[in-house]
Amino acid sequence: MVTRTSLATYAARMAVDLYWLPLGAGGHFVRLNGRAYEAVIARLQRRRRCDLYHSALQVETSTGKFVIEQAPVHDWSGAERGVVAEGAVGARWAGRFRIFRYEIRLWPRGHIPDVAEAVNSPQRLSDDDYTARRVLEAAGRVPTPVWGRDELHTGEMWNSNSVIAWVIARSGIDAGAIKPPSGGRAPGWHAGLIVAARNGGRHT
């Protein structure tokens, strides 16, 4: 017999959560490069420096937990991480070498590396099972342009934030209303929204 308590417990498991992780969390080299990049961009744009963030999703559905993120290809066991697509880093020709490839993960029972360093997270985007399933479906259709380049002519480079913004927008969630933590930037986010809108995704 289904009781109100069991229905409430079932509903509580449905979630689409967004995590903001400081760029280079867990790795000093990436963090230092990110700070140098932001210092140059801020100077060119004549504004104050911002903290840089990259994003990831954790999705809970009636069938289990999934993590959606873009990350470097560490090895060839992508199936274990639920890899649904790969792309090149820096230049398309460089994608022939594993070190210059990224992967998009739809990781069953996965985890977000360095999640303990996430800021103002998680941000609950939905607690609806239908929406959660749409997020999972969108993750399997993400475009894979060259990372760090503007192949799709959005005015911004494509990166992990572009992937997450695209997935959110294509699933019907209002991604345009989502902002990184106060005082921070999420480079690439706008590129994901623009490309999603071109393909009929929601973008405001």
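Start by selecting Ala71, which is buried, with a relative accessible area of 12%. You are looking at a predicted model, and this residue belongs to strand β3, residues 64-72. Now show what surrounds Ala71: apart from its neighbours within four places in sequence, Ala71 is in contact with Tyr102, Glu103 and Arg105. Add Arg101 to the selection as well. The C-alpha atoms of Ala71 and Arg101 are separated by 8.9 Å, although the two residues are 30 apart along the chain.

Next, go to Ile99. Look for Ile99 in the loop between β4 (83-88) and β5. Is Ile99 buried or exposed? Ile99 is exposed, because its relative accessible area is 68% and the cut-off for exposed is over 50%. With Ile99 still selected, add Val73: these residues are 26 apart along the chain, and 6.9 Å separates their C-alpha atoms.

Move on to the loop between β5 (101-108) and β6 (123-126), where you will find Pro122. Three stops await here.

- Select Asp114, found in the loop between β5 and β6. Asp114 is not a glycine, yet its phi is positive, about 60°. With a relative accessibility of 36%, Asp114 counts as partly exposed.
- Select Asn120, which has its place in the loop between β5 and β6. Asn120 also has a positive phi, about 50°, although it is not a glycine. Its relative accessible area is 53%, so Asn120 is exposed.
- Select Ser121 together with Pro122. A cis peptide bond joins this pair, and omega is about 0°.

Why pause at these places? Most residues other than glycine have a negative phi, and most peptide bonds are trans.

Now bring helix α4 into view by selecting residues 160-170. How many of the residues of α4 are buried? The count is 10 of 11, and the helix is mostly covered. Colour the buried ones if you like; among them are Ser160, Val163, Trp166 and Val167.

Take a look at both ends of α4. At the N-terminal end, Asn159 acts as a cap: one of its side-chain oxygens lies 3.0 Å from the backbone nitrogen of Asn161. To see what follows α4, select Gly172, whose phi is positive, near 100°.

For the last stop, keep α4 on screen and add helix α5, residues 189-198. Two packed helices are described by the angle between their axes and the distance between the axes. Here, the axes of α4 and α5 come within 7 Å and cross at roughly 40°. The two helices are therefore oblique to each other. The crossing of α4 past α5 is right-handed.

Which residues meet where α4 and α5 come together? Show the side chains and pick them out:

- From α4, select Asn161, Ser162, Ile164, Ala165, Trp166, Ile168, Ala169 and Arg170.
- From α5, select Trp189, Ala191, Gly192, Leu193, Val195 and Ala196.

By class, this contact of α4 with α5 has 10 nonpolar, three polar and one charged residues. Before you leave, centre the view on Asn161 once more: its backbone nitrogen takes part in the cap made by Asn159, and Asn161 is also one of the α4 residues that meet α5. Trp166 is worth a second look too: Trp166 is buried and is one of the α4 residues in the meeting with α5.

Definitions and conventions:
Residues are numbered from 1 along each chain as its sequence is written. This is a predicted model: local features need pLDDT of at least 70, side-chain atom pairs count only at pLDDT 80 or more; totals for chains, interfaces and linings use all residues. Side-chain values use heavy atoms; hydrogens and water are left out. Buried means under 20% relative accessible area, exposed over 50%, partly exposed in between (1.4 Å probe, protein chains only). Helices (H or I, at least four residues) and strands (E, at least two) are DSSP runs, numbered from the N terminus. A polar contact is a pair of N or O atoms within 3.5 Å; within protein, one must be able to donate a hydrogen and the other to accept it, and residues adjacent in sequence count only if both atoms are side-chain atoms. Axes are lines fitted to C-alpha atoms, for helices over the stretch in contact, and angles run from 0 to 180 degrees between N-to-C directions. Angles under 35 degrees count as roughly parallel, over 145 as roughly antiparallel, 65 to 115 as roughly perpendicular and the rest as oblique. A crossing is left-handed if the near helix is turned anticlockwise from the far one by less than a right angle, and right-handed if clockwise. Contact means heavy atoms within 4.5 Å. Ala, Val, Leu, Ile, Met, Phe, Trp, Tyr, Cys and Pro count as nonpolar, Asp, Glu, Lys and Arg as charged, and the others, Gly among them, as polar.
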